[in-house]
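Here's a walk through one protein chain, written for someone who likes to keep the viewer open while reading. Load it up and follow along.

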Amino acid sequence: MNLSRPLWAPTRLLCFIRTATYSSAAVTAPATASNSCFPLKNVTKSNFEAVLSELRSHVRAADFVAIDLEMTGITSAPWRESFEFDRFDVRYLKVKDSAEKFAVVQFGVCPFRWDSAKNSFVAHPHNFFVFPRHEIQVDGPSSEFLCQTTSIEFLAKYQFDFNFCIHEGISYLSRAHEDAARKRLNFAHGDETSDASSNVTNIRDQKRIGIADVLFKERMKNRLHEWRDRLLSERNMECQGQEGSNNYQRQFETIFFKMRPALTLSDFTSHQTKLIQLVIKKHFEDLCFIVVDDGDANLQQLVVYVDSRDDKELLMQEVNSDRQEAAEMKIQSAIGFRHVIDLLSSEKKLIIGHNCFLDIAHIHKKFIGSLPSTAEEFVSSIGKHFPFIMDTKILLNGNGVLQQRMKKSSTSLSSAFALLCPHIAFSSQSNPAFSSGVQVEVQVDDLSSSNWNSGDKHEAGYDAFMTGCVFAQACNLMGIDFVLPSENLADNEKLQKHINHLYLSWASGDIIDLSTGNRMTEPLRSNRSKKHQAKISFENIVLIWGFPANLNARKIKECISKVFGLANIVSVYHIDESAVFVQFAKPEMVSEFLDLKKILERHDDPISVLHPLTELFGAKSTHAAGYEAYKEICSSPMFKVLFADQAEAVGINQKTTSIKPESVKSQMHEAANSSLTADMLNETTEVQGMEVGANDLRNTNYHILQSSSM
């Protein structure tokens with residue numbers, strides 16, 4: 001019998017952060033974001049382009065690449081925690097929600113290459129600061145993300161510089177956002193660079209044009225005639241630019257564009273600009289109106305003189321080519337950190353993480369596209385980009401040799417690193433006991449080091465380094481020979497049964513196979529897990545939420561036991577303070593319970609008032625449903641702290657499986673009549689006797705319901 005309540009922090013503060021499109025001023029960054037002596041390459045938007053070029057060569061030469069992410073939070077509400085009553089598909093939905101609501105602020109990438117000459121691995125740890133800033137405009141609102149207090153405090157404890165991340169963090173576009181931005185830029189520049197014929201339709205179609213527009217058009221026609229005629233007669237551009245009033249010089253300036261004379265148009269309204277286009281279209285075959293980028297992210301309006309129709313077509317081709325090149329440069333710059341993800345994906349290297357399913361979900365959401373609604377679809381999508389992923393936590397718990405070496409110690413990253421790699425973790429200490437094991441040399445820029453103090457744990461770059469070291473040492477203990485030429489670790493027979501196996505939930509031992517989408521149980525914990533899973537039958541579970549605040553798991557169990565019997569209530573488990581799971585002994589009891597609730601809600605007669613479930617369902621806010629309603633609520637992207645509020649926001653008030661409510665109603669009245677008759681014969685008139693009669697009624701009702709379902 002489980003009446004336990006899940007543990008969560010007594011106070012939980014979540015805040016929304018919204019990022020906008022802007023260009024922040026450069027912030028001078030320290031050489032490293034920490035005071036650690038560990039050699040680590042910190043990467044921001046200031047040095048990203050240069051580092052990316054170096055990283056490409058390191059990744060291409062690598063035997064494997066270790067990664068680690070730091071996020072602004074893990075769970076958006078207590079009921080989003082991982083529970084023992086979570087089914088496989090629900091566990092995925094909770095991971096999906098976390099990846100959708102929280103931001104990645106640091107991304108560690110550490111390529112490892114085996115150097116046969118040195119008989120050691122060479123590691124290149126990189127610590128990327130990331131921030132979801134939109135460098136170019138994309139469709140939809142600005143980026144929003146949640147911050148979880150405990151996670152922010154955790155990062156601050158390890159000296160994470162939030163201001164530095166916001167100002168100097170590398171922005172990015174997912175592939176989906178890139179496609180949208182490309183279409184938007186192409187559409188916008190298509191309007192800007194087209195000739196007057198495609199921009200003045202709405203003015204031409206107007207039946208009535210004001211006298212001011214008529215006068216303006218005539219004035220512009222005269223000025224353009226004068227400018228063109230002087231070009232043809234004198235070819236003296238310097239002189240032309242100096243004539244006229246100051247206002248004329250401000251609005252019209254002669255320049256050369258693409259080796260052709262051109263007028264710049266300034267200080268005109270958009271309506272006036274369209275009128276000028278209309279004048280050019282109607283009166284000047286040898287003038288062309290275009291809009292170009294002046295190189296400072298400003299649009300410049302030009303009237304260009306062309307010698308012929310062919311010259312005009314050539315000019316438009318040149319302008320369009322420049323536009324496409326400029327748009328591509330903007331997009332490539334805005335893609336930002338996703339260039340790193342694309343690099344890892346294209347090289348098809350073995351990716352190493354530690355308990356990394358959430359990391360992989362974040363990578364998909366932030367850099368590939370929206371997360372699929374099911375785990376099976378997710379597996380299909382992520383496999384196209386990262387075909388080989390290894391989770392070191394899976395490896396440590398799934399291999400007998402490693403289990404013996406761990407000696408039942410914690411398989412957390414820091415513990416595994418200290419136990420398996422003491423010669424690396426404590427390299428600055430000259431202890432002979434630490435001399436064995438795979439050697440690792442760290443290279444940052446042109447400097448190499450094999451002796452350092454411990455780095456900062458929970459800094460993504462250093463955690464990625466630790467993850468790679470743990471994997472290398474684990475491979476060594478498993479007897480994998482790194483000296484063999486051209487052997488791909490992803491094809492190694494000893495690693496095959498562990499590759500692409502990730503913990504969907506470490507607490508439950510649920511493992512998802514990214515190659516097939518199948519669910520499996522951790523081999524060394526299979527007996528315990530199967531015994532645990534045997535206790536949970538999801539079709540036997542009913543979900544109750546919105547009950548009175550004075551009720552807890554114990555009281556709810558006592559209340560339901562009066563109707564269904566104590567032996568038929570396997571467990572009652574709190575989701576949060578507003579909701580519980582109740583597991584019955586038989587699946588048919590779920591529908592009986594839900595139908596009984598419906599009947600009690602329809603009637604307020606004395607029989608219903610005396611029913612023991614009235615204490616639970618007396619409040620109009622109390623609702624109940626089967627397990628599928630729980631999945632539907634968890635799949636919603638809405639954000640409510642209390643489960644009852646989330647259910648209401650989703651629109652689920654009550655879902656039941658009907659079993660002929662009228663028959664249940666008649667059974668209740670039969671039982672009531674029988675009990676009342678017995679009370680009259682026994683002349684039970686004292687209060688205590690009436691209480692006994694009421695209990696008899698409840699028991700009789702239960703037995704009738706039970707027999708009717710047999």
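What follows goes from the whole chain to a few helices, and then to some single residues.

First, a caveat: this is a predicted model. The chain runs to 710 residues, and 51% of them count as buried. Its secondary structure adds up to 28 helices and 22 strands. If you like contact maps, look at the ones between residues at least 6 apart in sequence: 74% of those join residues at least 24 apart. As for the outside, the accessible surface comes to about 33100 Å², and 51% of that belongs to carbon and sulfur atoms.

Let's start with the helices. Helix 2 covers residues 88-101, and its 14 residues should span 20 Å at 1.5 Å a residue; the end C-alpha atoms sit 21 Å apart, which agrees. So how much of helix 2 is buried? The count is 12 of the 14 residues, so helix 2 is largely enclosed by the rest of the structure. The buried set isn't just greasy side chains, either: among its members are Phe 88, Val 90, Tyr 92 and Leu 93, but also Arg 91, Lys 94, Lys 96, Asp 97 and Lys 101.

Now jump to helix 11, residues 309-335. With 27 residues at 1.5 Å each, helix 11 should span 39 Å, and its end C-alpha atoms are 39 Å apart, in agreement with that. Its buried residues are Asp 311, Leu 315, Met 316, Val 319, Arg 323, Ala 327, Ile 331, Ala 334 and Ile 335. While you look at that list, keep a bit of helix geometry in mind: an α-helix has 3.6 residues a turn, so residues three or four places apart point the same way. Just after helix 11 comes Gly 336, with a positive phi of about 55 degrees.

Next, a pair of helices. Two packed helices can be described by the angle between their axes and the distance between the axes. For helix 21 (residues 553-564) and helix 22 (residues 588-602), the angle is about 100 degrees and the axes are 12 Å apart. Helix 21 and helix 22 are therefore roughly perpendicular to each other. On the helix 21 side, the contact is made by Ile 560, Val 563 and Phe 564, while helix 22 brings Met 589, Glu 592, Phe 593 and Leu 596. Sorted by class, that contact has six nonpolar residues, no polar ones and one charged residue.

Between those two helices in sequence there's strand 21, residues 579-584, and that is where you'll find Gln 583. Is Gln 583 buried or exposed? Its relative accessible area is 3%, so Gln 583 is buried. Ignoring neighbours within four places in sequence, Gln 583 is in contact with ten-odd partners worth clicking through, including Phe 85, Ser 537, Asn 540, Ile 541, Asn 568 and Val 570. Take Ser 537: it is 46 residues from Gln 583 in sequence, yet their C-alpha atoms are 7.7 Å apart.Asn 540 lies in the loop between helix 20 (526-534) and strand 19 (541-545). At 5% relative accessibility, Asn 540 counts as buried. Leaving aside neighbours within four places, Asn 540 is in contact with Val 582, Gln 583, Phe 584, Ala 585, Lys 586, Pro 587 and Val 590.

Backbone angles are worth a check too. Most residues other than glycine have a negative phi. Lys 258 has a positive phi of about 55 degrees although it is not a glycine. Lys 258 lies in the loop between strand 8 (252-257) and strand 9 (260-265), and with a relative accessible area of 30% it is partly exposed. Asp 267, not a glycine either, has a positive phi of about 60 degrees. You'll find Asp 267 in the loop between strand 9 and helix 10 (270-283), and at 53% relative accessible area Asp 267 is exposed.

Two last stops. Ser 409 lies in the loop between helix 16 (400-406) and helix 17 (413-420), and is partly exposed at 34% relative accessible area. The C-alpha atoms of Ser 409 and Leu 419 are separated by 8.7 Å, with their positions 10 residues apart along the chain. Gly 383, in helix 14 (residues 375-385), is partly exposed at 29%. Gly 383 and Asn 500 are 117 residues apart along the chain, and their C-alpha atoms are separated by 9.1 Å.

Conventions. Residues are numbered from 1 along each chain as its sequence is written. This is a predicted model: local features need pLDDT of at least 70, side-chain atom pairs count only at pLDDT 80 or more; totals for chains, interfaces and linings use all residues. Side-chain values use heavy atoms; hydrogens and water are left out. Axes are lines fitted to C-alpha atoms, for helices over the stretch in contact, and angles run from 0 to 180 degrees between N-to-C directions. Helices (H or I, at least four residues) and strands (E, at least two) are DSSP runs, numbered from the N terminus. Angles under 35 degrees count as roughly parallel, over 145 as roughly antiparallel, 65 to 115 as roughly perpendicular and the rest as oblique. Contact means heavy atoms within 4.5 Å. Ala, Val, Leu, Ile, Met, Phe, Trp, Tyr, Cys and Pro count as nonpolar, Asp, Glu, Lys and Arg as charged, and the others, Gly among them, as polar. Buried means under 20% relative accessible area, exposed over 50%, partly exposed in between (1.4 Å probe, protein chains only). Accessible areas come from the Shrake-Rupley method with a 1.4 Å probe; for residues, only the protein chains shown count as cover. The expected span of a helix is 1.5 Å times one less than its number of residues.
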